[in-house]
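Let's take a walk through this structure together. Keep the 3D view open and follow along as we go.

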Amino acid sequence: MIELPEAIVIAQQITETLSGKRIARAVANTSPHKFAWYTGDPAEYNDRLAGKVIGEGIGVAGNIEFKAGDMILAISAPIRYHTQGEKRPKKHQLLLEFEDETAISSSAQMWGGFFCFPAGEKGGFPDYDIAKTRPSPLTDTFDRTYFNTLFDDNTPDLSAKAFLATEQRIPGLGNGVLQDILWTARIHPKRKMSELSEQEIDAMYDAVKHVLATMTAQGGRDTERDLFGHPGGYKTILSKYTVGTSCPACSTTIEKKSYLGGSIYYCMRCQKL
Ligand SMILES: [Zn+2]
């Protein structure tokens, strides 16, 4: 699965590198994966895609979406580019070979969607279709007034992590980007929303806008890889790379714990419980 900054970065690279390439053949589901989803029968992907020309890519929440002729591909797993003659990975859930003998492949991590449907139609997958209807936090439509509409009767009981990174409330904001957002806002991931002051909610909103924009502008996070297999330029403050090192704000050791189906990282001093 991927998150918003990397979806946008890879979609831009697809526009720059792949647009105009014609698909020679498409191979889907050769390495069956329990949590890989397709539109209909993956055996039909070659019929749907062969001969189609790649168009522009866009990042939609945690999906890389791009045109292939009259079809749309929406992929929520990392995509890797392969040059002429370069070895293709043995296992993958989708491989597109182009007429110029370059290719792209995509492999599900924990899970992944590899949707392929006619342009103008819905993807047919609830999470993806919902994500399409909600404003991206990188746009002006996602302003403080809109952020306030995300609060409802259930919000006070939620933790900060549950509020920001579950239920597709903010599509593309997952457990990865969450860590630096909450550190920037100085909020512990387990804090109850009902305990947050008005200033802390302000800081949370500002961090959502600012941190996601910075991660995207810097080419995604250093923990993730782009279309060419290169790590992103954004240096994560809280991640697998920094756990056990000193917090850049106060020098307290950065900690890691499991919480709500994923690892959380935090500084106990900057993000008090
Ligand atoms: Zn700190």
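Here, a residue counts as buried if 20 or more other C-beta atoms lie within 10 Å of its own. Keep in mind that what you see is a predicted model.

With that cut-off in hand, find helix H6, residues 175-185. Of its 11 residues, 10 are buried, so the helix is largely enclosed by the rest of the structure. The buried ones are Gly 176, Val 177, Leu 178, Gln 179, Asp 180, Ile 181, Leu 182, Trp 183, Thr 184 and Ala 185. What do the buried residues of H6 pack against? They pack against three helices, H1 (4-18), H5 (160-165) and H7 (198-217), and also against strand E11 (263-266). Just after H6 comes Arg 186, with a positive phi near 60°.

Now take a look at H6 alongside H7. Their axes are 8 Å apart, and the two helices pack at an angle of about 135°. That makes H6 oblique to H7, and their crossing is right-handed. On the H6 side, the residues that meet H7 are Val 177, Asp 180, Ile 181, Thr 184 and Ala 185. Their counterparts in H7 include Glu 200, Ala 203, Met 204, Ala 207 and Val 208. Sorted by class, this contact has 10 nonpolar, 1 polar and 2 charged residues. The spacing is worth a thought: an α-helix has 3.6 residues a turn, so residues three or four places apart point the same way.

H7 also meets H1. The axes of H1 and H7 come within 8 Å and cross at roughly 30°, so these two helices are roughly parallel to each other. The H1–H7 crossing is right-handed. Leu 4, Pro 5, Ile 8 and Val 9 of H1 meet Leu 212, Met 215 and Thr 216 of H7. By class, that contact has 6 nonpolar, 1 polar and no charged residues. Leu 212 and Met 215 may ring a bell, as they are also among the H7 residues that meet H6.

Let's move on to the strands, beginning with E4 (residues 63-68). Is E4 largely enclosed or left open? Since 5 of its 6 residues are buried, E4 is largely enclosed by the rest of the structure. E4 pairs in the antiparallel sense with E3 (residues 54-60) over 5 bridges, and Ile 54 has Ala 68 in E4 as its bridge partner. The hairpin of E3 and E4 has 2 residues between the strands, and Ala 61 there takes a positive phi near 50°. E4 is also joined by 5 bridges to E5 (residues 71-75), again running antiparallel. In that pairing, Ile 64 stands opposite Ile 75. E4 and E5 form a hairpin too, with 2 residues between them, and Gly 69 in the turn has a positive phi of about 60°.

Our last stop is an open sheet of 4 strands, in the order E1-E7-E8-E6 with antiparallel pairing. Why is one side of E1 and of E6 left without a neighbour in the sheet? Strands E1 (23-28) and E6 (79-82) stand at the edges, and each has a single partner strand, so one side of each is left without a neighbour. On average, neighbouring strands of this sheet are turned by 15° against each other, direction ignored. For E6, 4 bridges join the strand to E8 (residues 103-106), and one bridge partner to look for is Ser 105 in E8, opposite Arg 80.

Key
Residues numbered from 1 in each chain as written. Predicted model: local features only at pLDDT ≥ 70, side-chain atom pairs only at ≥ 80, totals over all residues. Pairing = 2+ DSSP bridges. Axes fitted to C-alpha atoms, helices over the stretch in contact; angles between N-to-C directions. Buried ≥ 20, exposed ≤ 12 C-beta atoms within 10 Å, placed from the backbone. Contact = placed C-beta atoms within 7 Å. Parallel < 35°, antiparallel > 145°, perpendicular 65-115°, else oblique. Left-handed = near helix turned anticlockwise from the far one by under 90°. Nonpolar A, V, L, I, M, F, W, Y, C, P; charged D, E, K, R; others polar.
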